[in-house]
Amino acid sequence: MSNSKRITLQQAAEIIKDGSSLTFSGFTIWRRPFAIVYELIRQGRKGLHLIEVNGGPQTEFLVGAGCVDIWESCWVGHELYGKYGANLSRKVGKKEILVEDYSHAEMLFRFAAAASGAPYAVTQTSLGTDIHNPAYDTLGRAGLRDGKRFPKQKYVFTDDPFFGAGPQVLVPAAKVDVAVMCVQQVGEEGTVRVAGQYYSDPEAARAADITIVMAEEVVPEEYLRRESDRNTITSFEVDYILECPFGAHPTGMFGRYDVDGAFLKDFYAKTRTQEGFDAFAKEWIFGHDHMSYLDKLGWPRMMNLRANTALNYSTGVKRGQ
Amino acid sequence: MTRDYANPEEFGLADLLCCAASREVQDNEIVFAGTGLPMVAIMLAQKTHAPNLKLIFEAGTLDGRPPEIPTSVGDARCEMGASRASGLYDAFSIAQRGYVDLGFLGGAEVDEYGNVNTTCIGDYLDPELRLTGSGGNPDINSFARRTVFIMVHEKRRFTPNVSYITSPGWRVKKWPGGEFVHRKELYGAAFRGGPSAVISTAGVFRFDAETGRIYLDTCHPGKSPEEIREMCHFDLDISRVSGETLPPTREELHLIHEVLDPEQIFIPKVKKG
């Protein structure tokens, strides 16, 4: 029983099929499951539908590599290390990808709805904006709204039927095939303990049909169950687990390592063009496995990123000018 | 109270914007911070005139008092000192519940009613340039009582028609038709306010309480109202200018550069030469 959820990095990527809908743990440039993202690119996955509360470098890598047909979210960039998502922007310009824009809170509430088994959420955000412009319903324009894989409508506008509070917008539950998480600790049976802000991880894990958890370390279940009030995701919500140290690099992980800002800056600068992306992928992804990737990054770099255990972030990284 | 204002050669434009933004915060307010200069501005307010403000980071840190400036709102530096560190569900539920007094936001384009675009330049269906997308901009702008936008001032960015309304101003589109209505009409019981100021690299702008139309309030040192009007594609109201934007004080400059952002992550130091 104890090892039944354990899989390898290759197997984790194989669970995600061509055409799957997919979401991730983390927030912008923190706790993204990069080792699995790189493996998906190596395996040449196609036709993915990313549904993200917010995007980030993981979006940019998958989009740049041509793995993604549809991106449904609200934001993509590298925070301080790259103003916007240059790969997504390029593919939007060339009409090689469909983008469905919601607001950040709408995306979050859509995941919360899916996580609680509700078909939709109700909110008062973003009223009067072009996010609600019926002409900008990308999936509808593409004829994809079948009421099965894709919700029949992007929005429904209504009025509060209970308290007369006026205009409301209904947003469809974010139903996803697979959630790929990257966390500090997971137990042998799947219990997850996230340290620091847990972002929208609980909603993402519960919304997905299949949840894969990649952790810095797999720890004894008994250890996590001694203080169950500190745990974030329940054992039976998790289908597969794997251990992968530094699996979030170049994004950061609270208490473990900082964001590798220099790496993200370099990626942003070099991947404005498809040729640039292909060269970057050739250097850092293809022909590597996770260990040779870490080897290429090197000990000095990783030691510098390592978090101070009292502060939970690195005191060595150069952040400013 | 006499204040020890710095001389023009002692500060840069980023210092001026940071201090102007900081002065928009009142004590005891609950403030929603985005990544960047606003984080420095809010923490500056926390260390000066608003020691009891409560800071919310969108990624899920509530009533934060970070000992070091976070690089982004998801940063591991957000948690220490906070009342709670949790997630987005808490941050957005609290905002929608009506706790938030003030939010700081950015934008690529703004129109004269405070509608802001961060999504694309050109036709949405065939854009010249796809930008980052909305992020939490429309959410904070929908939920907070006041929002302040900090923007680079270029003529093309101050336009009568933004390419895409990402974030709602005072006159917004009523769907499905898309006709412009006053924000109050659309938000019903959820109406709490809207954009209260734009702090650009040229001046500070505010919005008329009745019409929601933008006007120039103060000019940054060295800029005239007429010059700033020329820097807008819409017809800027310069009849209500109250004076010059107040410079940073020496205490504020000390806090920005020695305490809050010594690494110059967001605010470069003026080179003394």
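This is a guided tour of a predicted model with chains A and B, moving from the whole chains to single peptide bonds.

**The two chains as wholes**

Begin by selecting chain A, in which 12 helices and 11 strands are assigned. Its C-alpha atoms fill a box of roughly 60 × 50 × 40 Å along the principal axes, and its radius of gyration is 20 Å, in agreement with the value near 20 Å that a compact globule of 321 residues would have.

Then switch to chain B, which has 7 helices and 16 strands. The radius of gyration of chain B is 18 Å, close to the 19 Å that the globule rule gives for 273 residues, so chain B is as compact as a globular protein of that length. The box filled by its C-alpha atoms, again taken along the principal axes, is roughly 50 × 45 × 35 Å.

**Where the chains touch**

Show both chains together and select the residues of the contact, to which chain A gives 57 residues and chain B gives 54. On the side of chain B that touches chain A, at least two residues come from each of α3 (88-97), β9 (129-130), α4 (137-143), β11 (171-174) and α5 (183-187) of chain B. If you colour that side of chain B by residue class, you will find 25 nonpolar, 21 polar and 8 charged residues.

**An open sheet in chain A**

Return to chain A and select β5, β6 and β7, three strands that form an open sheet in the order β5-β7-β6 with antiparallel pairing. Because β5 (120-123) and β6 (156-159) of chain A stand at the edges and have a single partner strand each, one side of each is left without a neighbour in the sheet. On average, and with direction ignored, neighbouring strands here are turned by 30° against each other.

Zoom in on β5(A) and on β7 of chain A, residues 167-172, which are joined in the antiparallel sense by 4 bridges. A convenient pair to label is Tyr120(A) with its bridge partner in β7(A), Pro172(A). Now add helix α5 of chain A, residues 104-115, which packs on the sheet and touches β5 and β7 of chain A, its direction making about 140° with that of β5(A).

**Parallel strands in chain A**

Next select β8 (residues 176-187) and β10 (residues 208-219) of chain A, which run parallel and are joined by 10 bridges. Within this pairing, Gln185(A) has Glu217(A) in β10(A) as its bridge partner. Extend the selection to β11(A), which pairs with β10(A) in the parallel sense over 4 bridges; here Ile212(A) stands opposite Tyr240(A) of β11(A).

**Two helix crossings, one in each chain**

Staying in chain A, select helices α3 (residues 57-64) and α4 (residues 86-93), whose axes come within 8 Å and cross at roughly 45°. An angle between 35 and 65 degrees falls among those counted as oblique, and α3(A) and α4(A) are therefore described as oblique to each other. Their crossing is left-handed. Show the side chains of Thr59(A), Glu60(A), Val63(A) and Gly64(A) in α3(A), which meet Asn87(A), Leu88(A) and Lys91(A) in α4(A). By class, this contact of α3(A) with α4(A) has 2 nonpolar, 3 polar and 2 charged residues.

Move to chain B and select helices α2 (residues 37-47) and α7 (residues 250-260), whose axes come within 10 Å and cross at roughly 115°. That angle makes α2(B) roughly perpendicular to α7(B), and the crossing is right-handed. On α2(B) the contact is made by Val40(B), Met43(B), Leu44(B) and Lys47(B), and on α7(B) by Glu252(B), Leu255(B), Ile256(B) and Leu260(B). The residues of this contact of α2(B) with α7(B) divide into 6 nonpolar, no polar and 2 charged.

**Backbone details in the loops**

Finish with three places in loops. In chain A, centre on the peptide bond between His249(A) and Pro250(A), which is cis, with omega about 15°; Pro250(A) lies in the loop between β11 (240-243) and α9 (261-270) of chain A. In chain B, the bond from Trp175(B) to Pro176(B) is cis, with omega near 15°, and Pro176(B) is in the loop between β11 and β12 (179-182) of chain B. Last, select Arg31(A), which has a positive phi of about 50° although it is not a glycine; Arg31(A) is placed in the loop between β1 (21-24) and α2 (34-42) of chain A.

Conventions:
Residues are numbered from 1 along each chain as its sequence is written. Chains are lettered from A and ligands numbered from 1 in the order in which they are written. This is a predicted model: local features need pLDDT of at least 70, side-chain atom pairs count only at pLDDT 80 or more; totals for chains, interfaces and linings use all residues. Two strands pair if DSSP finds at least two bridges between them. Axes are lines fitted to C-alpha atoms, for helices over the stretch in contact, and angles run from 0 to 180 degrees between N-to-C directions. Two residues are in contact if their C-beta atoms, placed from the backbone, lie within 7 Å. Ala, Val, Leu, Ile, Met, Phe, Trp, Tyr, Cys and Pro count as nonpolar, Asp, Glu, Lys and Arg as charged, and the others, Gly among them, as polar. Angles under 35 degrees count as roughly parallel, over 145 as roughly antiparallel, 65 to 115 as roughly perpendicular and the rest as oblique. A crossing is left-handed if the near helix is turned anticlockwise from the far one by less than a right angle, and right-handed if clockwise. The radius of gyration is taken over C-alpha atoms; the globule rule is 2.2 Å times the number of residues to the power 0.38.
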